[in-house]
Amino acid sequence: MAKNKDIEVRLEETKKTIKGKTYEVAQLIIGKKVIGEVLTVGAKEFEAFLGETDLGSYKNFDAAVEAIISQHNLHD
C-alpha cells in the first residue's frame, strides 16, 4: 500500500511585464521547479497558468492556486 507524502508548495511573489504592462505574479514552486503561476489582473480577477497552459480566469486567488495544484497532480 502506497503512503501519501506531504509535498511543500512555496509561493514566491514577483512582477512580470506582459505586452508593456506590469502584473503581480505568484509562482507556485515544488522543490526547485515552478509548477504554475497566478497572474493578478484586477481586484477580483486572477489568471492561472500551468507552464504555458492557460487554466482560465478565477474570482479569487485561492481558487486559482487550487486549479494549478489539481492540474499538476493530474499530469504528474
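Helices and strands here are DSSP runs, with at least four residues for a helix and at least two for a strand, numbered from the N terminus. On that basis, this predicted model reads β-β-β-β-β-α along the sequence. Put as a tally, that is 5 strands and 1 helix in the chain.

The opening pair of strands gives a good way in. Strand E1 covers residues 9-18 and strand E2 covers residues 21-30; the two run antiparallel, with 10 bridges joining them. Together E1 and E2 make a hairpin, and just 2 residues sit between them. At the turn end, Ile 18 faces Lys 21 of E2. Within the turn itself, Lys 19 shows a positive phi, at about 50°. As for side chains, in a regular strand they alternate between the two faces of the sheet.

Stepping back to the whole chain, the C-alpha atoms fill a box of roughly 50 × 25 × 20 Å when taken along the principal axes. The chain has 76 residues, and 26% of them are buried, a label that calls for under 20% relative accessible area. Its accessible surface adds up to about 5800 Å², with carbon and sulfur atoms supplying 51% of that.

Contacts and charges round out the picture. Of the contacts in the chain with a separation of 6 or more, 13% link residues 24 or more positions apart. On the charge side, the chain carries 11 positive and 13 negative charges, and the mean positions of these two sets lie 2 Å apart.

Methods
Residues numbered from 1 in each chain as written. Predicted model: local features only at pLDDT ≥ 70, side-chain atom pairs only at ≥ 80, totals over all residues. Heavy atoms only, no water. Pairing = 2+ DSSP bridges. Buried < 20%, exposed > 50% of the residue type's maximum accessible area, 1.4 Å probe, protein only. Contact = heavy atoms within 4.5 Å. Areas by Shrake-Rupley, 256 points an atom, 1.4 Å probe, with all protein chains shown as cover. Lys, Arg positive; Asp, Glu negative; His and termini not counted. Charge placed at Lys NZ, Arg CZ, Asp CG, Glu CD.
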